[in-house]
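Trainee: Could you take one part of this model and go through it closely, with the cut-offs behind each term? I would like a connected account rather than a list.

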Amino acid sequence: MRKLKQNRGFTLIEILIVIGIIAILAAIVIVAINPARQFAQANNAQRSSNVNSILNAIHQYAIDNKGTLPSNITTTATEICIGGTATTTCTSSSLIPLNELIWGETYLVSIPLDPGCTSACATNGIGYTVMKSANGRVTVAAPDAEIGETISVTR
């Protein structure tokens with residue numbers, strides 16, 4: 001008597017069901033991780049740190065200069081000019097030069113750039129705005145914050 005060979009393996013239906021289950025699980029994991037949101041949160045954390053650094057440098061400057069803030073800061077929120085740019089270039093572009101913060105690297109080594117500055121900043125701008133109130137309180141903000149966050153610090 002001869003034994004018939006029996007084909008062993010998976011049927012097409014079984015393979016399709018397994019692929020479907022793997023696809024559903026992969027979709028769930030990607031939605032849970034959400035890499036775009038993770039990058040946005042990382043950029044906002046960097047923005048928050050940069051805003052605090054700029055504000056701390058402005059106040060250190062004021063402390064060293066008997067309470068006088070850098071003269072370029074106005075009562076209108078205006079974007080800060082990139083460090084080392086000529087003052088005339090900054091003012092003609094409606095930017096605020098804060099070069100006194102980086103002279104001699106006393107307060108900042110360089111004025112930090114917004115992480116999204118490759119596309120969102122004005123020419124020679126850093127993406128952060130600064131203003132002072134009538135009472136002398138200074139506000140530094142990151143207007144291009146992602147995922148609907150507002151990043152602004154006032155002191």
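Mentor: What follows is a close look at one strand and its partners, and then at two side-chain contacts elsewhere.

This is a predicted model, in which local features need pLDDT of at least 70 and side-chain atom pairs count only at pLDDT 80 or more, while totals for chains, interfaces and linings use all residues. Residues are numbered from 1 along each chain as its sequence is written, and side-chain values use heavy atoms, with hydrogens and water left out.

The part to begin with is strand β3, residues 138–142, where helices (H or I, at least four residues) and strands (E, at least two) are DSSP runs numbered from the N terminus. Five of the five residues of β3 are buried, so the strand is largely enclosed by the rest of the structure; buried here means under 20% relative accessible area, with exposed over 50% and partly exposed in between, using a 1.4 Å probe and protein chains only. Val138, Val140 and Ala142 point one way from the strand, Thr139 and Ala141 point the other way, and all are buried.

Strand β3 has partners in β2 and β4, given that two strands pair if DSSP finds at least two bridges between them. With β2, residues 125–132, the pairing is antiparallel over four bridges, and within it Val130 stands opposite Val140. These two strands form a hairpin with five residues between them, and Gly136 in the turn has a positive phi of about 90 degrees. With β4, residues 151–154, β3 is again joined by four bridges and runs antiparallel, Thr139 having Thr154 as its bridge partner.

Elsewhere, a disulfide (a pair of cysteine sulfur atoms within 2.5 Å) joins Cys81 to Cys90, with an S to S distance of 1.9 Å, and the count by this rule comes to one. The torsion about its S-S bond is about -70 degrees, so the disulfide is left-handed. Cys81 is buried at 1% relative accessibility, and Cys90 is buried at 0%.

The structure also holds one aromatic pair, where rings of Phe, Tyr and Trp (its six-membered ring) pair if their centres lie within 6.5 Å, planes under 30 degrees apart counting as stacked, over 60 as edge-to-face and the rest as tilted. The rings of Tyr61 and Tyr107 have centres 5.8 Å apart and planes at 75 degrees, so this pair is edge-to-face. Tyr61 lies in helix α2 (residues 35–64) and Tyr107 in the loop between α3 (87–92) and α4 (117–120), so the contact ties together parts that are 46 residues apart in sequence.
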